[in-house]
Amino acid sequence: MVANPEVLLSQSPAAQGPIDAAARLQACGIRVTAQRLQIAQLLLTAPQHLSADQVAEALQRAGMRVSKATVYNTLNLLAAHGLVHQLSLDGQRSWYDSNVQAHYHFHDETSGALIDVALPEVQFSKLPTPPPGMEVAGIDMVIRLRPQA
Ligand SMILES: [Zn+2]
């Protein structure tokens, strides 16, 4: 099992039941290997946010011997094909999010946990005008959390 199950405020396709990870890899044109399948199953069977280190630890606990490089390469491959969304919060560590629908996040700065925030929960009253010829393609937002003082 994966550490840190999180409360989710929105549903993703991964929450709708068991998925066939091999079929999802193949549908994206990704050649299925045992290691890729393990990593895809770990991430895609539930809505969650995992770092590469957490994926590597979970594989190790499951008795799989997978190198860090393979974990990183596979996560980047899944992200490049849109199966997971890659998030960078502090410029040092990436999180891989199995919810690929547009959403925002709470970030618990104490535990590091990410919690999904559905788009309708947030309203913007003013945005800057994009430069000429440009349009807003998307907005990333992380609401940082700490325990109440
Ligand atoms: Zn998320």
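The following exercises, each with a worked solution, concern the predicted model shown above.

Residues are numbered from 1 along each chain as its sequence is written. Because the model is predicted, local features need pLDDT of at least 70 and side-chain atom pairs count only at pLDDT 80 or more, while totals for chains, interfaces and linings use all residues.

**Exercise 1. Confidence and overall make-up**

Determine how many helices and strands the protein has, and which stretch has a pLDDT below 50.

Solution.
- Step 1. Helices (H or I, at least four residues) and strands (E, at least two) are DSSP runs, numbered from the N terminus. The protein has four helices and six strands. From the N terminus on, these elements follow the order α-α-β-α-α-β-β-β-β-β.
- Step 2. The predictor's confidence in each residue is the pLDDT, from 0 to 100. Its mean for the protein is 85, and 87% of the residues reach 70 or more. Residues 1-17 have a pLDDT below 50, and beyond near neighbours in sequence this stretch has 34 contacts in the model. Two residues are in contact if their C-beta atoms, placed from the backbone, lie within 7 Å.
- Step 3. Where pLDDT is low, the predicted coordinates should not be read in detail.

**Exercise 2. The length and sides of helix 4**

Compare the expected span of helix 4 with the distance between its end C-alpha atoms, and state where its buried residues lie around the axis.

Solution.
- Step 1. The expected span of a helix is 1.5 Å times one less than its number of residues. Helix 4 (residues 68-80) has 13 residues and should therefore span 18 Å; its end C-alpha atoms are 18 Å apart, which agrees.
- Step 2. A residue is buried if 20 or more other C-beta atoms lie within 10 Å of its own, exposed if 12 or fewer, and partly exposed in between, with C-beta atoms placed from the backbone. Val71, Thr74, Leu75 and Leu78 are the buried residues of helix 4. They cover an arc of only 100° around the axis, so they are on the same side of helix 4. This arc is that of the directions from the helix axis to the C-beta atoms.
- Step 3. On the face turned away from the buried side, helix 4 carries the exposed residues Ala69 and Ala80.
- Step 4. The cover over the buried residues of helix 4 includes helix 2 (34-44), helix 3 (52-61) and strand 3 (94-97).
- Step 5. Just after helix 4, Gly82 has a positive phi of about 75°.

**Exercise 3. A single residue, Leu75**

Explain why Leu75 counts as buried, and list which residues it touches.

Solution.
- Step 1. Leu75 is located in helix 4. It counts as buried because 24 C-beta neighbours lie inside 10 Å.
- Step 2. Leaving aside residues up to four places away in sequence, Leu75 touches Ile39, Ala52, Val55, Val84 and Tyr96.
- Step 3. Ile39 is itself one of the buried residues of helix 2. The cover over the buried residues of helix 2 includes helix 4 and strand 3.

**Exercise 4. The sheet of strands 1, 3 and 2**

In what order do the three strands stand, and which strands are at the edges?

Solution.
- Step 1. Two strands pair if DSSP finds at least two bridges between them. The open sheet has the order 1-3-2, with antiparallel pairing.
- Step 2. Strand 1 (49-51) and strand 2 (85-88) each have a single partner strand, so one side of each is left without a neighbour in the sheet.
- Step 3. Strand 1 and strand 3 are joined by three bridges in the antiparallel sense. His49 has Asp97 as its bridge partner in strand 3.
- Step 4. Helix 3 lies across strand 1 and strand 3, at about 85° to strand 1. Axes are lines fitted to C-alpha atoms, for helices over the stretch in contact, and angles run from 0 to 180 degrees between N-to-C directions.

**Exercise 5. The sheet of strands 5, 4 and 6**

Describe the pairing in this sheet and the hairpin of strand 4 and strand 5.

Solution.
- Step 1. Three strands form an open sheet in the order 5-4-6, and the pairing is mixed. Strand 5 and strand 6 (142-145) are the edge strands, each pairing on one side only.
- Step 2. Strand 4 (residues 104-108) pairs with strand 5 in the antiparallel sense over four bridges. In strand 5, Leu114 is the bridge partner of His107, and Asp116 is that of His105.
- Step 3. The hairpin has five residues between the strands, and Gly112 takes a positive phi near 85° there.
- Step 4. Strand 5 (residues 114-117) has Leu114 and Asp116 on its covered face, and Ile115 and Val117 on its uncovered one.
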